[in-house]
Amino acid sequence: MYQLIIFGPPGVGKGTQANLLAEKLNLFHLSTGEYLRKAVEEGTELGKQAKVIMDSGMLVPDEIMIGIVKEALEKNISGKEGFILDGFPRTIPQAEVLDILFKNFNYNNIKVISLEASEDELIKRLLLRGRSDDTEATIRKRLEVYKDNTEPLLNFYKDKIIRVNGTGKITEVNQRVINLI
Ligand code: AMP
């Protein structure tokens with residue numbers, strides 16, 4: 001059973017690669033960013049709260065995100081060959097709770113795919129993408145939040161990390177990932 005986390009800075013292509021992997025390997029793909037964007041679109045209470053935070057480039061509080069992931073993991077895995085988490089965990093407290101969830105579910109073969117690209121490349125890609133949180137100021141904030149809160153996870157997961165060069169064609173990056181997992 002695939003037990004994957006895809007990890008990397010904003011704009012590195014986590015969502016694109018997670019989608020491809022989920023399709024090819026029949027995985028449950030949980031993108032916490034997509035989940036929140038859907039809530040924003042639907043105008044739910046969560047969506048209203050999340051929109052302001054997302055547009056400022058900050059992180060939605062850990063308790064909220066942990067609740068979402070816990071519920072999703074409990075519900076959606078049957079019939080799948082495993083799962084891929086995309087955009088979660090993003091902080092050490094999220095990773096610590098996830099560890100406990102994984103222990104409860106007996107998931108003990110976790111692999112963390114770390115996608116990598118230079119900051120210049122990330123900014124270039126984000127500006128081309130044009131999501132509502134892809135303005136220059138928000139991008140700068142998200143990269144800063146990534147460095148402060150998320151990058152420390154590289155050390156947290158040091159025994160499980162698979163580093164992958166995220167530059168080049170989408171299909172090439174995908175092949176690199178598949179060769180390594
Ligand atoms: P993403 O699509 O992964 O780039 O996420 C877009 C935005 O959603 C982020 O900038 C955060 O505001 C919020 N978000 C997504 N996942 C998380 C998470 N695990 N923890 C906190 N905020 C998150």
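**Meet the ligand site and the sheet**

Biologist: Which helix gives the largest share of the shell around the ligand?

Modeller: A residue belongs to that shell if one of its heavy atoms lies within 4 Å of the ligand. Helices here are DSSP runs of H or I with at least four residues, strands are runs of E with at least two, and both are numbered from the N terminus. Four residues of the shell, the largest share, come from residues 32-42, helix α2.

Biologist: What should I know about the model before we go on?

Modeller: This one is predicted, so to speak a computed model: local features need pLDDT of at least 70, side-chain atom pairs count only at pLDDT 80 or more, and totals for chains, interfaces and linings use all residues. Numbering starts from 1 along each chain as its sequence is written, and side-chain values use heavy atoms, with hydrogens and water left out.

Biologist: How many residues surround the ligand?

Modeller: Among the closest are Thr-32, Arg-37 and Met-58. By type, the shell splits into seven nonpolar, four polar (Gly counts here) and five charged (Asp, Glu, Lys and Arg) residues. Altogether, the number of residues surrounding the ligand is 16.

Biologist: How much of the ligand's accessible area does the protein cover?

Modeller: Start with polar contacts, pairs of N or O atoms within 3.5 Å. The side chain of Arg-37 has an N or O atom 3.0 Å from a ligand oxygen, Arg-90 has one at 3.0 Å too, and for Arg-131 the distance is 3.2 Å. On its own the ligand has 480 Å² of accessible area (Shrake-Rupley, 1.4 Å probe), and the share covered by the protein is 96%.

Biologist: Now the sheet: which strand pairs with β4 over five bridges?

Modeller: Strands pair if DSSP finds at least two bridges between them. β4 (residues 111-116) runs parallel to β1 (residues 2-7), with four bridges, and Leu-4 has Lys-111 as its partner. Val-112 stands opposite Ile-161, and the strand that pairs with β4 over five bridges, again in the parallel sense, is β5.

Biologist: And the loops: is the peptide bond from Phe-88 to Pro-89 cis or trans?

Modeller: Pro-89 sits in the loop between β3 (82-86) and α5 (92-105). With omega near -5°, the bond from Phe-88 to Pro-89 is cis.

Biologist: Which residue in the loop between α1 and β2 is Asn, and what is its phi?

Modeller: The loop runs between α1 (14-25) and β2 (28-31), and the residue there is Asn-26. Its phi is positive, in a residue other than glycine, with a value near 55°.

Methods:
A polar contact is a pair of N or O atoms within 3.5 Å; within protein, one must be able to donate a hydrogen and the other to accept it, and residues adjacent in sequence count only if both atoms are side-chain atoms.
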